[in-house]
Amino acid sequence: MTTHWMFQEAVTTVVPLPGSVEQALCGRLIDRLIPGNAPRMQRLKQLVEFVAPCDAPALVIGPSGSGKELVAEALHRLSGRRGEFVAVNCAAIPAELLEGELFGHEKGAFTGAERSRTGLIELAAGGTLFLDEIGDMPLAMQAKLLRVLESRQIRRVGGNGTVSVDFRVVAATHRGLEAMVTAGTFRADLFYRLSAFPLDVPALSERPGDLPVILERLVEDQRKQTPGFPAPEFDTSALRALAARDWPGNIRELRSIVQRAFAFFGGQTVTAREVERNLIQMQPPLAEENRCEWPEAPSPAGDASSFDAALSKGVDLDLRIYLRDIEVSLIEAALGQTAGCVTRAAEALRLRRTTLIEKMKKYGIAAAAI
Ligand SMILES: Nc1ncnc2c1ncn2[C@@H]1O[C@H](COP(=O)(O)OP(=O)(O)OP(=O)(O)O)[C@@H](O)[C@H]1O
């Protein structure tokens, strides 16, 4: 990946391998590009595979940090387009400079334009222009973008002639564009032009079952970025604790947790206790702190001698987390015995069905996965 241009934070480019080559080498490419197999992700990935080869614009919608740019990159990688993936964050470029950035400018077009410059749209020729945070694009610029999408021609700022450019637009937003259209802050015609293929990326909390595979990818990414640093290992209690959270910052927030885990627990096992106390509440681990060695996922009857032994070793116990783990183990066991039938599992646990469903949602337990 190379970074160009004045607003380096706002613009990135990726040169792809032809999708078919990667696909042949490594199985289903989309699964490598976008980890996660929750039903909504499977549908999204199927759509991406269908939509990728088309030239029509696509609009990726979803909360901040949910992976919209990853989806846009996947569209590009699977498109077979030979050009670059040029990503522009519309919210990060001042409104008065956005036109020059996108369309380029001629020498002397404005004060300080000492030489002519190719715009980002031209840079994306034969490739994909990714317009992130499209909801932040000023209305005047929206009108110009629509004209370019219709005509496939651009005019550099201060230039006389037009240049034809073959590029594909993928836009993304975490905002409700339809509401913006109603409020008059987003052009209806551009909205309909961009949303030829709307692609909905779910929040991380809507797919807790995907957390382990996403976490694995984030750990792998971090390991590549910091070679030589031992990676932490998350045990099943840690995975449950993470899956039970809301994640308002989505995968970006989970990435920060992984970075903390590398700093605090490189080469060690992370349990639910470290997740809560150190990675979420940000208490630095103390060298002399005893780590919880309680047996994980205990049987309902428990084993009094193992508890006695653990207590006599002075093991620190977080009762809340421990009891939650017991609850999760029992729910999983009941669902396992009833082949995932929630009604019968609720009967076995003497819970109301709705209570069990609420608990399954809270802990990220999917009946189908049992
Ligand atoms: N399925 C996934 N598996 C692993 N990592 C992911 C996944 N989706 C996204 N990420 C990572 O999470 C981070 C945020 O993703 P991304 O930038 O695509 O989110 P976004 O929705 O475009 O955010 P924003 O709305 O702020 O632009 C990135 O580091 C990305 O690599």
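**Domain arrangement, ligand shell and buried cores of the predicted model**

Of the 370 residues of the protein, 34% count as buried. The structure described here is a predicted model, and the protein averages a pLDDT of 85, with 83% of the residues scoring at least 70. The scores for the model as a whole are an ipTM of 0.96 and a pTM of 0.73. Two segments call for caution: pLDDT stays under 50 over residues 12-26, for which the model nevertheless has 29 contacts beyond four places in sequence, and pLDDT likewise stays under 50 over residues 288-301, where 25 such contacts are found.

The secondary structure of the protein comprises 17 helices and 12 strands. Among contacts between residues at least 6 apart in sequence, 75% join residues that are at least 24 apart. The domain assignment divides the protein into domain 1, covering residues 11-202, and domain 2, covering residues 205-289, and the C-alpha centres of these two domains lie 32 Å apart. Contact between the domains involves 12 residues of domain 1 and 12 residues of domain 2. On the side of domain 1 that touches domain 2, five residues are nonpolar, six are polar and one is charged.

The ligand is surrounded by 20 residues, of which Ser64, Gly67, Lys68, Glu69 and Ile251 come nearest. Both domains take part in this shell, since at least three of its residues are drawn from each of domain 1 and domain 2. Three helices, α4 (68-77), α10 (211-225) and α12 (250-265), each supply at least two residues of the shell. By class, the residues around the ligand divide into seven nonpolar, seven polar and six charged.

Helix α4 also stands out for its burial: eight of its 10 residues are buried, so the helix is largely enclosed by the rest of the structure. The buried residues of α4 are Lys68, Val71, Ala72, Glu73, Ala74, Leu75, His76 and Arg77. Lys68 thus belongs to the buried part of α4 and is also one of the residues that come nearest to the ligand.

In soluble globular proteins, nonpolar side chains tend to be buried together. The largest nonpolar core of the model has 47 residues, and those with the most contacts inside this core are Val60 and Leu129. When residues up to four places away in sequence are left out of account, Val60 touches Lys68, Val71, Ala72, Val170, Ala172, Leu199 and Val201. Among these partners, Lys68, Val71 and Ala72 are buried residues of α4. A second core, separate from the largest, has 20 residues and includes Leu211, Phe234, Val258 and Leu279.

Two residues other than glycine were noted for a positive phi. For Arg152 the angle is near 60°, and this residue is placed in the loop between α7 (139-151) and β7 (153-154). Arg152 has 14 other C-beta atoms within 10 Å and is therefore partly exposed. For Asn250, phi is near 55°, but the place of this residue is in helix α12, one of the helices that supply residues to the shell around the ligand. Asn250 counts as buried because 24 C-beta neighbours lie inside 10 Å, the cut-off for burial being 20 or more.

Technical notes:
Residues numbered from 1 in each chain as written. Predicted model: local features only at pLDDT ≥ 70, side-chain atom pairs only at ≥ 80, totals over all residues. Domains from an automatic or database assignment. Contact = placed C-beta atoms within 7 Å. Nonpolar A, V, L, I, M, F, W, Y, C, P; charged D, E, K, R; others polar. Near = placed C-beta within 6 Å. Helix = DSSP H or I, 4+ residues; strand = E, 2+ residues; numbered from the N terminus. Core = buried A, V, L, I, M, F, W, Y, C linked by C-beta atoms within 7 Å. Buried ≥ 20, exposed ≤ 12 C-beta atoms within 10 Å, placed from the backbone. pLDDT = per-residue confidence, 0-100.
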